[in-house]
Amino acid sequence: MLHRRRRMALCTSAAAVAALAVTGVVVTAGSAQAAVGCRVGYAVTAQWPGGFTANVTLTNLGDPLTSWTVTWTFGAGQTVSQAWNAAITQSGSSVRAANVSYNGNLATNASTSFGFNGTWNNSSNPAPTGFAVNGVACAGGVTPTTPGTSPTTSRPPTSSPPTGGWPTPTGQVSVNGTISVSGTFDGGMRRYCCIGDGSQEEDQDPMFQLASGATLQNVIIGAPAGDGVHCSGPCTLRNVWWEDVGEDAATFRGSGSPAFLVDGGGARSASDKIFQHNGPGTLTIQNFQATNFGTFYRSCGNCSTQHQRNVVIRNVTLTRPGNTVAGININYGDTARFSGITIVNDPNRSMVICRKYIGNDDGDEPTQVGTGADGTNCIYSTSDITYR
């Protein structure tokens, strides 16, 4: 059954480990007095033995850009192992991050962000140096161009949101019961296993139970995973991977108007749902990949207490087999917004992007009343979905 009542469970947001901001200039060919410039921000948001996660923010201070490439140099042997929102290549210590198909256009004063997982030497992980955009060093100020200027630029190849690249565990932790989390729990990319029997039984315990305001990051959840992760309030799941979902990957509850964030990671083998939203509030899922699932996100269709729920799904790669991206209850005012969705192995476009139901609070199966974009509850356009 796709819709089920849930016990309380919990979650929140992770603090940055280190940050660096660099202000500089980028010059591109243009008309006389076309002023352009940039600012680059770099932050290590999580770090564990042998690995780290970083976020890079590019702000365009000048004329609109139609494509961008950010380059930098690592100073301590760091390497990039997985990236999202940019196509990243590396040669020695030199790194090149190019825009992807959906974020190349950058208006004046607009910003875009991309991130990556990397490796380090466990001794020093300094911020990179030598930031440049489109081949010109970010050195401060805004510079006008003149006719005939031909700076070194390269049109980067486009790529899609994250796919493949499942992480290799750094170790394994045996789990004998639910792990309660408050504050931030960093698993150091170890595999946590095992709890439950791998079935779809509704009474299984979660592997992680997060208190309101908690963060779970850099964790690989092995199989069987019980009922995955429970959040009892606003939470953040950052770079969490489910090798075999079994029951649901994560369930979100709470009261008021909580904000939940799933950033990075992936899930596979969920015969029912991946993300179950039982409480109120807004769940944002970004930079994520999934394969072999029934429904990627479901607003509970028959919980005893119902709410308006909102979901934002962006920059995700979903590989068939998979049935539905999001299921929502329009009679409670649910909304689902989609952007940067890549669907793989679906030549007949069989995966339903947004499935609409009439939910209830008495435990009955909800009634499906439609599918597809409508501008009110299911919000997306054809350009938000890419098939490959």
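Is phenylalanine 52 buried or exposed? Phenylalanine 52 counts as buried, because its relative accessibility is 0%. That residue returns in one of the views below, which all show a predicted model.

**Figure 1. The whole protein is built with 28 strands and zero helices.** Welcome to the overview before the close-ups. Of the 388 residues in the protein, 53% are buried. The accessible surface comes to about 14,800 Å², and carbon and sulfur atoms hold 48% of that surface. When contacts between residues at least 6 apart in sequence are taken together, 69% of them join residues at least 24 apart.

**Figure 2. Five strands line up in an open sheet.** Reading across the sheet, the order is 7-8-5-10-11, and the pairing is antiparallel. Strand 7 (87-91) and strand 11 (136-137) stand at the edges; each has a single partner strand, so one side of each is left without a neighbour in the sheet. Further in, strand 5 (residues 69-73) meets strand 10 (residues 129-133) in the antiparallel sense, over three bridges. To find your place in this pairing, look for valine 70, whose bridge partner in strand 10 is valine 133.

**Figure 3. Two phenylalanine rings meet edge-to-face.** The structure holds 22 aromatic pairs, and here is one of them: phenylalanine 52 with phenylalanine 116, at 5.9 Å centre to centre and with 80° between the planes. The pair links distant parts of the chain, since phenylalanine 52 belongs to strand 4 (residues 51-60) and phenylalanine 116 to strand 9 (residues 111-119), 64 residues apart. Like its partner, phenylalanine 116 has 0% relative accessibility and therefore counts as buried.

**Figure 4. A tryptophan and a phenylalanine form a stacked pair.** Tryptophan 68 and phenylalanine 114 lie 5.7 Å apart, centre to centre, with 20° between the planes. This pair also links distant parts of the chain: tryptophan 68 is in the loop between strand 4 and strand 5, whereas phenylalanine 114 is in strand 9, 46 residues away. Tryptophan 68 counts as buried because its relative accessibility is 0%. Phenylalanine 114 is buried too, with a relative accessible area of 0%. Step back a little, and ring pairs link Tyr42, Phe52, Trp68, Trp72, Phe74, Phe114, Phe116 and Phe131 into a cluster.

**Figure 5. Threonine 112 sits in strand 9, among residues from other places in the sequence.** Which residues does threonine 112 touch, leaving aside its neighbours within four places in sequence? Threonine 112 is in contact with Val56, Thr57, Leu58, Trp68, Asn103 and Leu106. Trp68 may be familiar from the stacked pair with phenylalanine 114. Threonine 59 makes a helpful landmark: threonine 112 is 53 residues from threonine 59 in sequence, yet their C-alpha atoms are 6.6 Å apart in space. Threonine 112 counts as buried because its relative accessibility, 12%, is under the 20% limit.

**Figure 6. Two arginines lie over aromatic rings.** In one place, arginine 268 lies over the face of tryptophan 166, at 4.0 Å from the ring centre. In another, the charged end of arginine 298 sits over the ring of tyrosine 357, and the distance to the ring centre is 4.1 Å.

**Figure 7. Aspartate 263 and arginine 238 form a buried salt bridge.** Side chains of opposite charge can pair when their charged atoms come close. The count for this structure comes to six salt bridges. Between aspartate 263 and arginine 238, the closest N and O atoms are 3.9 Å apart. Aspartate 263 lies in strand 21 (residues 259-277) and arginine 238 in strand 19 (residues 236-242), so the pair links distant parts of the chain, 25 residues apart. Both of these residues are buried.

**Figure 8. Lysine 356 and aspartate 374 meet in another salt bridge.** The distance from N to O is 3.1 Å. Lysine 356 is in strand 25 (residues 352-358), while aspartate 374 is in the loop between strand 26 (367-371) and strand 27 (378-379), 18 residues apart. Which partner is buried, and which is partly exposed? Lysine 356 is buried, with a relative accessible area of 10%, whereas aspartate 374 counts as partly exposed at 33% relative accessibility. Elsewhere, salt bridges that share partners join Asp248, Asp272 and Lys273 into one network.

Methods
Residues numbered from 1 in each chain as written. Predicted model: local features only at pLDDT ≥ 70, side-chain atom pairs only at ≥ 80, totals over all residues. Heavy atoms only, no water. Pairing = 2+ DSSP bridges. Helix = DSSP H or I, 4+ residues; strand = E, 2+ residues; numbered from the N terminus. Buried < 20%, exposed > 50% of the residue type's maximum accessible area, 1.4 Å probe, protein only. Contact = heavy atoms within 4.5 Å. Areas by Shrake-Rupley, 256 points an atom, 1.4 Å probe, with all protein chains shown as cover. Phe/Tyr/Trp six-rings, centres within 6.5 Å; stacked < 30°, edge-to-face > 60°. Lys NZ or Arg CZ within 6 Å of the ring centre and 35° of its normal. Salt bridge = Lys/Arg side-chain N within 4 Å of Asp/Glu carboxyl O.
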